[in-house]
Amino acid sequence: MSITSRTIAPALLAIIVGACSTETPIVEVKGPCADVYHSQVCTWARTQGDKLLEAGALVPVASIENSPADVPMVWPPVAVAVLDIPEAAQQKSGLTHFTMYWEAGGHPPAAFLTPHFDFHFYVIASAERSAIDCVDVSKPAELPPAYALADIPLPPDMANMMGVPALIGLCVPQMGMHAIPASDLESTEPFHASMVVGYTRGKPIFIEPMVAKAMLMEKKSFDLVIPQIPGLAGAHPTKFHAEYDAAKQEYRMVFSEFTSETG
């Protein structure tokens, strides 16, 4: 080896090592937590410098396992957790807060009459969500492809308790209207998981992975497709993945691939 090559090689190695050591680290930002059936459900985000990589919620299997078989029916339903998305992720994800509901007996339509969890991720302020009363029954001019926003008649006992004969656009106070895949609306078989899109006053306000307890108890990772949502302006995620961690016995609900393009 010549003197020139011996001096160049270490210099090149130093440059490579230096480049690797100065790479911007990935940082996990922990959000607030809430006790849900004796385990902590939390929000979180991952950033790399100024870039937001992922945001979502951590849901322990224990919270799913310990969910009670019988829950008194109240109207409107009461969330088991209401948590802000970490502030560092709100602007770039468009997601502001997360609500979690346990539906012990399910709810109409027929496919959803099975125990399941609702994981709502909102793009509006929590105070605005809390003010939703379903009096305004305006529906969006356009829905995601293959989605439906149905008016669901209620059984007499539910209608008496809720004070309405039907849920217009599947609207629930303090949640909003629920657009669901048309295939789920027509199905009579219990569902496994669906991606729901929420509205109020004709505008999209949440993205909701709705998942049957039986599916979550399989302890397997899964994906749900986020449809193109007409009218959803500002930053929002385009990909959802639920990653099951066998070592930690928890699901990581992951939203990623954020965009600011209007749907």
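Of the 263 residues in the protein, 46% come out as buried. That figure, like everything below, belongs to a predicted model. The chain runs through seven helices and 15 strands, and its C-alpha atoms take up a box of roughly 90 × 40 × 35 Å along the principal axes. The accessible surface adds up to about 12,900 Å², with carbon and sulfur atoms holding 57% of that. As for how the chain meets itself, take the contacts between residues at least 6 apart in sequence: 59% of these join residues at least 24 apart.

Next, the empty space. The largest pocket holds about 600 Å³. Its lining counts 33 residues, and P77, W102, E103, G106 and H107 are the ones nearest the centre. Four elements put two or more residues into that lining: strand 5 (97-103), helix 5 (156-162), strand 10 (177-181) and strand 12 (203-212). Strand 5 is the top contributor, with three residues. Sorted by class, the lining of the largest pocket splits into 25 nonpolar, four polar and four charged residues.

On to the charged pairs. The model has six salt bridges. One of them pairs the side chains of E28 and R46, with 3.0 Å from N to O. E28 sits in strand 1 (residues 26-36) and R46 in strand 2 (residues 39-48), so this bridge ties together parts that are 18 residues apart in sequence. Both ends get some solvent: E28 is partly exposed at a relative accessible area of 39%, and R46 is partly exposed at 26%. R46 also has a second partner, since its side chain meets that of E54 in a salt bridge at 3.2 Å, N to O. E54 is partly exposed too, because its 21% relative accessibility is not under the 20% that would make it buried. Together with R252, the residues E28, R46 and E54 are linked in a network of salt bridges.

Another salt bridge joins the side chains of R201 and D136, at 3.9 Å from N to O. This pair connects distant parts of the chain, 65 residues apart: R201 lies in the loop between strand 11 (193-200) and strand 12, while D136 lies in the loop between helix 4 (126-130) and strand 7 (147-148). R201 counts as exposed, because its relative accessibility is 52% and the cut-off for that label is over 50%. D136, at 33%, is partly exposed.

The backbone has a few oddities worth listing. Two peptide bonds leading into prolines are worth a look. The one from W75 to P76 is cis, with omega near 0 degrees, and P76 is placed in the loop between helix 2 (61-65) and strand 4 (81-84). The bond from P108 to P109 is cis as well, again with omega near 0 degrees; P109 belongs to the loop between strand 5 and strand 6 (116-122).

Positive phi turns up at two residues that are not glycines. Q249 has a phi of about 55 degrees and is found in the loop between strand 14 (236-245) and strand 15 (250-259). Q249 is partly exposed, with a relative accessible area of 34%. E257 has a phi of about 50 degrees, and its place is within strand 15.

Note on methods. Residues numbered from 1 in each chain as written. Predicted model: local features only at pLDDT ≥ 70, side-chain atom pairs only at ≥ 80, totals over all residues. Heavy atoms only, no water. 1 Å grid on protein atoms, 1.4 Å probe; cavity = no way out; pocket = protein on both sides within 12 Å on 5 of 7 lines; lining within 4 Å. Points joined across faces, edges and corners; volume = space filled by probe spheres on them. Nonpolar A, V, L, I, M, F, W, Y, C, P; charged D, E, K, R; others polar. Buried < 20%, exposed > 50% of the residue type's maximum accessible area, 1.4 Å probe, protein only. Contact = heavy atoms within 4.5 Å. Areas by Shrake-Rupley, 256 points an atom, 1.4 Å probe, with all protein chains shown as cover. Salt bridge = Lys/Arg side-chain N within 4 Å of Asp/Glu carboxyl O.
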